[in-house]
Amino acid sequence: MNTTLTRAAQEEMPLIRYFFVCFFNDLAQYDPNIIINKHGLPIWSLASGGENIQTVGECADFNWWIRGACEHWIIRVDGVPAGSILILADKNHLPDGVDFELLDFYITPKDRRQGVGKAAARLAFDLHHGDWQVFELARNTPALKFWRAVISEYTNNNFQDLDDGAQQRFRN
């Protein structure tokens, strides 16, 4: 199984946006502010107008926020799309002392628990050298466990665990 990252070309943005909606749907089980609307799409409940969102494209637009300022990467397994990674490198949206944030990380259910996520995370971190941060929702215990293990191994246990374990910072 060969895991690679490719920067999304403009014509691949519909795939990135589809994976984002899948990611946002997964997050709904851990974030009470993400609800499923009457059309079956995950929306941020604190923003008005989400009840009228009817398509995946509209859902991505409605929930996109800062993601337009990110680098968009497609995770591939043996050349086939298996997920996406969004990396924020825009200093206007990062706290002092942070160069990069792994903002969104999505692996398709078929490719989970097979080493794809770990390989993709390492590849993503190797894209840029500097000070990184990764956040998880405090209720998302699978993500908390995954990121602590991956970052611990990647940094040889040289990272900060902040926000009661829901944020990691490290330098590579």
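The following questions and answers cover salt bridges and the largest pocket in a predicted model.

Student: How many salt bridges does the structure hold?
Tutor: A pair counts when a side-chain nitrogen of Lys or Arg lies within 4 Å of a carboxyl oxygen of Asp or Glu. Arg 17 and Asp 61 form one such pair, at 2.1 Å from N to O. The number of salt bridges in the structure is 8.

Student: How many residues apart are the partners Arg 76 and Glu 12?
Tutor: The side chains of Arg 76 and Glu 12 meet in a salt bridge of 2.6 Å, N to O. Arg 76 belongs to strand E4 (residues 70–77), while Glu 12 sits in the loop between strand E1 (3–7) and helix H1 (13–27). The pair therefore links distant parts of the chain, and the separation is 64 residues.

Student: Is Arg 76 buried or exposed?
Tutor: Buried means under 20% relative accessible area. Its partner Glu 12, with 21%, is partly exposed. Arg 76 has 14%, so Arg 76 is buried.

Student: Which helix holds Asp 61, the partner of Arg 17?
Tutor: The side chains of Arg 17 and Asp 61 meet in a salt bridge. The two residues are 44 apart along the chain, with Arg 17 in helix H1 and Asp 61 in helix H2.

Student: Is Asp 61 buried or exposed?
Tutor: Exposed means over 50% relative accessible area. Asp 61 has 51%, so Asp 61 is exposed.

Student: Where is Asp 26, which pairs with Arg 112?
Tutor: Arg 112 and Asp 26 meet through their side chains in a salt bridge of 2.5 Å, N to O. Arg 112 lies in the loop between strand E6 (100–107) and helix H3 (116–127). The partner, 86 residues away, lies in helix H1.

Student: Which element gives the most residues to the lining of the largest pocket?
Tutor: The largest pocket has a volume of about 1100 Å³. Among the 37 lining residues, the closest to the pocket centre include Phe 23, Phe 105 and Trp 147. Elements that give two or more residues to the lining are H1, E6, H3, strand E7 (131–135) and helix H4 (141–155). The most come from one of these, with 7 residues: E6.

Student: How many residues of the lining of the largest pocket are nonpolar?
Tutor: Phe, Ala and Trp are among the residue types counted as nonpolar. The lining also holds 5 polar and 10 charged residues. The nonpolar residues number 22.

Note on methods
Residues are numbered from 1 along each chain as its sequence is written. This is a predicted model: local features need pLDDT of at least 70, side-chain atom pairs count only at pLDDT 80 or more; totals for chains, interfaces and linings use all residues. Side-chain values use heavy atoms; hydrogens and water are left out. Helices (H or I, at least four residues) and strands (E, at least two) are DSSP runs, numbered from the N terminus. Buried means under 20% relative accessible area, exposed over 50%, partly exposed in between (1.4 Å probe, protein chains only). On a 1 Å grid over the protein atoms alone, a cavity is a set of points where a 1.4 Å probe fits but cannot get out, and a pocket is an open set with protein on both sides within 12 Å along at least five of seven lines; lining residues have an atom within 4 Å of a point. Grid points are joined across faces, edges and corners, and a volume is the space filled by probe spheres set on the points.
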